[in-house]
Amino acid sequence: MKIKNYLAITTAATSFAIIVAVTAAIFFLMQTSYQDGIKQKGMELAKVIALDPIVIGALEDRSTNSQPELQQYIEHLREQTNASYIVITDKAAIRLSHPDNQKIGHHFVGEDIYTALNNGVEYSTISKGSMGKAIRNFAPIIYQGKVIGVVCIGYLLEKTSTVFMQQFGTIGLLIGGVFILCVTMMIILLFKLKRTFLDFEPEFVVRKFREHELVFDSIQDAILAVDSEMNITTINDNAIKLLSNGQLGKYDCIRQPLSQFSTQLSHFVLHNLDSFQQQDFTIGTIDIRANLYPIRSSKKLTGHALVLLTQFKQNELQKELLYMKNYAHILRSKTHEYSNKLNVISGMLQMDKSAEAIEFIQQETDCYQSVIRDIVTSLSDSVVAGLILAKFNKALDMNVRFNIDKDSCLESYAKAASEKLVTIVGNLLDNALLAAWQNREQSEPELNVYLSDRGSQIVIEVEDSGVGVSPELADSILDFGVTSKMNDEQNGVGLYLVKQWVDYFKGSVEWDRSDHNTTIFSIYLDKNSVESYE
């Protein structure tokens, strides 16, 4: 079923059901109110007639001559009101007046009169009499403290229903008008949906949206869009990789201000609102060319689209190629090193020197097993423990001594929180490893790690033997694109991401130079914020 047909049927059915329910409720309330009004009106008239001296005198006289006078008097009163009948009875429930003269002198029809005769009370009932079903109001006629008769004023239901339906006709026209208005609004809504969605079904629109999103993310250029408030509304994977080094997800960027990721790009957009512009920037160590396209609706400027084109220079490509060659050379060296060790073990076993072979293997594994044991016993969070082990292997490859404080302690956290702890710890360790390795000629490269969550805070301390943070960068080292590293491979994103998540977890970042010429980075996170992160 097409969406417009579905909406038409559901809207019409819902409107009809609501109108029927409201109409029934109005009908019931009006009928109840109308009948209550008739009862009140009839009871007041019955009480007045019960106190009338002419009626009381006729009941006391009971002569033949008084009955025609009473009948004429009562019928005159009935004609002045809307009552269907006014009946006067004596103590024995014998009629003394009635609209039909032939029924005078006969017994009153209905058992509901005896409550008034016997108990002398006023009340209303709905019951059937000689003229049909009616609303009947009874009032006792009391003389000298005794009940001498009863006044019964009746309103036939057939007559009251006719009057009520005449009044209800106006309301019916109003309800019909409301239903027609609902149908009209439904038709307008359907035409609006047809124009908005170009007569496409929602499933087709969703499928096309997903297809466009896949195409958008597959584009090699970095593309993003911001609204009039400078908040990111759309961004593809390459733009996320460029602005956050791939550490953030798409929904970490959406609805965030552009200035949070690049102040330069934010200023570029603000200074060029109305036309296409092009300008070159440097983000970290990457040169880009930014193309700015204004996005307009029929009436006003609604946002901007940014296309960021990476500009690789020839020397940068050469550096990238040299880096890959050096990495391949390191892999070959490691392969050769481990091949030699395997040959040594093989030779020892062939010469039946098993003890020496076992001792040689033990020497190679003691250090590694010690670190694994420290990690397993102190870190319950498997994700963070796996990261520490990976960085330990990287330190071995770089010939950097990697130490874990034996007093470390870290409990297990939810997967999402563990991933953010990995971002913080991983970036600190990468920076520390590189700093220690770059300063290897001045001091032996070394790195120390301490993790603890025993109190109300999670404490992360990373100490390295590098040269530390220069005074020129001390105030901006946590900003995006700022780096103190001595090569072009670093882009100044690591500490920026650390600062972002530290702020999110209500923590703080500190760094200092120790007496042993080492740099210590200390992170303090609110434990409750980390535990509640999902």
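Colleague: What makes the second largest cavity a cavity rather than a pocket, and how much space lies in it?

Modeller: About 70 Å³ of space lies in the second largest cavity, a volume being the space filled by probe spheres set on grid points that are joined across faces, edges and corners. On a 1 Å grid over the protein atoms alone, a cavity is a set of points where a 1.4 Å probe fits but cannot get out, whereas a pocket is an open set with protein on both sides within 12 Å along at least five of seven lines. The search of the whole structure finds four cavities of 30 Å³ or more. This is a predicted model, in which local features need pLDDT of at least 70 and side-chain atom pairs count only at pLDDT 80 or more, while totals for chains, interfaces and linings use all residues. Residues are numbered from 1 along each chain as its sequence is written, and side-chain values use heavy atoms, with hydrogens and water left out.

Colleague: Which residues line the second largest cavity, and how do they divide by character?

Modeller: The lining, meaning residues with an atom within 4 Å of a point, consists of Y85, V87, R95, H98, F108, V109, G129, S130, M131, G132 and R136. Strand 1 (85-90) and strand 3 (132-143) are the elements that give two or more residues to it, strands (E, at least two residues) and helices (H or I, at least four) being DSSP runs numbered from the N terminus. Five of the lining residues are nonpolar, four polar and two charged; Gly counts as polar and Tyr as nonpolar.

Colleague: Why does I175 count as buried or exposed?

Modeller: Buried means under 20% relative accessible area, exposed over 50% and partly exposed in between (1.4 Å probe, protein chains only), so I175, at 15%, counts as buried. I175 belongs to helix 5, and its C-alpha atom is separated by 7.5 Å from that of T23, 152 residues apart along the chain.

Colleague: And why is N399 called buried or exposed?

Modeller: N399 has a relative accessible area of 62% and is therefore exposed. N399 sits in the loop between helix 12 (382-397) and strand 10 (401-404), and has a positive phi of about 60 degrees although it is not a glycine.

Colleague: Where is K506, and why is K506 called buried or exposed?

Modeller: K506 lies in the loop between helix 14 (494-504) and strand 13 (508-513). Because its relative accessibility is 65%, K506 counts as exposed; its phi, near 55 degrees, is a positive value in a residue other than glycine.
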